[in-house]
Amino acid sequence: MQYHALSLSKHGYEVTFVGFSDSKPHPDVLREEKIKILPIAEVRGVRVGPKILTYVTKVMTQCLQLLFVLLRMELQSFILMQNPPGLPGIAVAWFVCVLRGSRFIIDWHNYGYTIMSLSLGLKHPVVRLAKWYEHFFGPLATHNLCVTNAMKDDLQKNWGIRATTLYDRPASVFRETPLKQQHQLFRRLADTYPQFQHTGSVETADVKDVEQTAFSVRHVDDDSVTLRTDRPALLISSTSWTEDEDFSILLKALKEYEAVVKGGAPLPSLVCVITGKGPQKEHYRKLIDSLRFQHVQICTPWLEAQDYPVLLGSSDLGVCLHMSSSGLDLPMKVVDMFGCCLPVCAINFNCLHELVKHEENGLVFRDWQQLVDQLQSLLSDFPSSDGRLGSFRRNLRASRGQRWDDNWDQNVLPLIRSQ
């Protein structure tokens, strides 16, 4: 949604950006004069009684909050929202559009009811109500965008919605990170996360002449930066810590990788960074804290918006555990990784082939056993760039597709200007 806001502002539109205030927007959004940020506080339902009472009161409070915010704003030509989350946002935004004569655009990234079904089951009354809700209010939008051709076909066939496919594309900030910028980030992270601190022998005769991290060395005399020859491989995954991503798969794979390295396999140590925040983070952090590894280190930072693309561009391999609840959406994290020419191991689901090309820009796996086999295969030549990992990275460099700006100008701008 930040990308949408920036694209609209670049074409001269005044944008009011409404969102929860607990996450800091990207600096580009904060600097843009044509974007006015309208923060809202996340509300909670009644904290006593059955869970259904908590959920119902939370939705009702959100309805009133969002209605109040949207009606107090200056008149808007369009209201653009992402779904999910769409309950109660779709109904409220549509109602405001009817009252004020605005046009309503939904950007479909998934179906909300399918995400709810992961924890409640498809037959649960709340899930069935959420499905009816999306089916009823979704077709009332003036325009619809979606993230895959598979979703476009499903919306047309089962929802009666004509949508324009707007594939997620990386913004220009997602690119390979220069060595000096890598070192600067590693130094900052090392202040908080010991996994980035250098603890081994010094790679140069005079320790005063260098700054070292676990991955990099800066030579003070000429300000040059090199990567350590004995550095661990940097593995990265990002998540919103929800039910559609089973991180026990990654933890089992890392446990087996640790055992293989302990057994004498010529493989590098690993630093695994899992970024993001969400409802299941504490659950998995407790599991991570209980692990006792010698060759694998795991940290779970929450990164500033400007640091996330720098870390992706500094990493050696990405892992995606996104299991689409609908089988129709694609993981934005992989889009960003590919923007940084970062090869990916991704868990398989129905339409993943629209993004990840097996044995070309990454690998697709079904379970933790396949994932650990892929980790061993891809890292067997590390840190050399001559192996499969280097080949995937070269393929990504050679096949860079559209960036967000061009894609948006081609698919969304005509919808805006046609009115």
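**Exercise 1. Which side chain meets Glu-14 in a salt bridge? Place both partners in the chain and classify their exposure.**

Solution. A quick reminder before we start: this is a predicted model.

Step 1. The partner of Glu-14 is Lys-34, with 3.5 Å from N to O. That fits the cut-off of 4 Å for a salt bridge.

Step 2. Now locate them. Glu-14 sits in the loop between α1 (2-10) and β1 (15-20), and Lys-34 in the loop between α2 (27-31) and β2 (35-40), so the salt bridge ties together parts that are 20 residues apart in sequence.

Step 3. For exposure, recall that over 50% relative accessible area is exposed and under 20% is buried, with partly exposed in between. Glu-14 has 57% and is therefore exposed, while Lys-34, at 30%, is partly exposed.

**Exercise 2. Find the salt-bridge partner of Asp-307 and work out which helices the pair connects.**

Solution. Step 1. Asp-307 pairs with Arg-188, and their closest N and O atoms are 2.7 Å apart.

Step 2. Asp-307 belongs to helix α11 (residues 307-312) and Arg-188 to helix α8 (residues 179-190), so this contact ties together parts that are 119 residues apart in sequence.

Step 3. Compare the two ends: Asp-307 is buried at 14% relative accessible area, whereas Arg-188 is partly exposed at 42%.

**Exercise 3. Trace the salt-bridge network that includes Arg-218 and Asp-223.**

Solution. Step 1. Begin with the pair itself: the side chains of Arg-218 and Asp-223 form a salt bridge of 2.7 Å, N to O. Asp-223 is partly exposed, with a relative accessible area of 31%.

Step 2. Widen the view, and Lys-180, Arg-187 and Glu-211 join Arg-218 and Asp-223 in the network. The structure as a whole holds 14 salt bridges.

**Exercise 4. Describe the surroundings of strand β13 (residues 317-320).**

Solution. Step 1. Check each face. Leu-317 and Val-319 are buried on one side, and Gly-318 and Cys-320 are buried on the other, so both faces are covered.

Step 2. Look for neighbours. Strand β10 (residues 233-238) pairs with β13 in the parallel sense over two bridges, and Leu-235 stands opposite Leu-317. Strand β14 (residues 344-347) also pairs with β13 in the parallel sense, over three bridges, with Gly-318 opposite Val-344.

Step 3. Follow the chain from β13 to β14: it passes through helix α12 (residues 332-339), making a right-handed β-α-β crossover.

**Exercise 5. Identify the nonpolar surface patch that contains Leu-87.**

Solution. Step 1. Leu-87 lies in the loop between β3 (78-83) and α4 (89-100), and is partly exposed at 31% relative accessible area.

Step 2. Its partners in the patch include Val-46, Ile-52, Tyr-55 and Met-60, and the whole patch has about 650 Å² of accessible area.

How values were computed: Residues numbered from 1 in each chain as written. Predicted model: local features only at pLDDT ≥ 70, side-chain atom pairs only at ≥ 80, totals over all residues. Heavy atoms only, no water. Buried < 20%, exposed > 50% of the residue type's maximum accessible area, 1.4 Å probe, protein only. Helix = DSSP H or I, 4+ residues; strand = E, 2+ residues; numbered from the N terminus. Pairing = 2+ DSSP bridges. Right-handed = clockwise from strand over helix to strand, strands pointing away. Patch = residues over 30% accessible without salt bridge, like charges linked within 9 Å, V, L, I, M, F, W, Y side chains within 5 Å. Areas by Shrake-Rupley, 256 points an atom, 1.4 Å probe, with all protein chains shown as cover.
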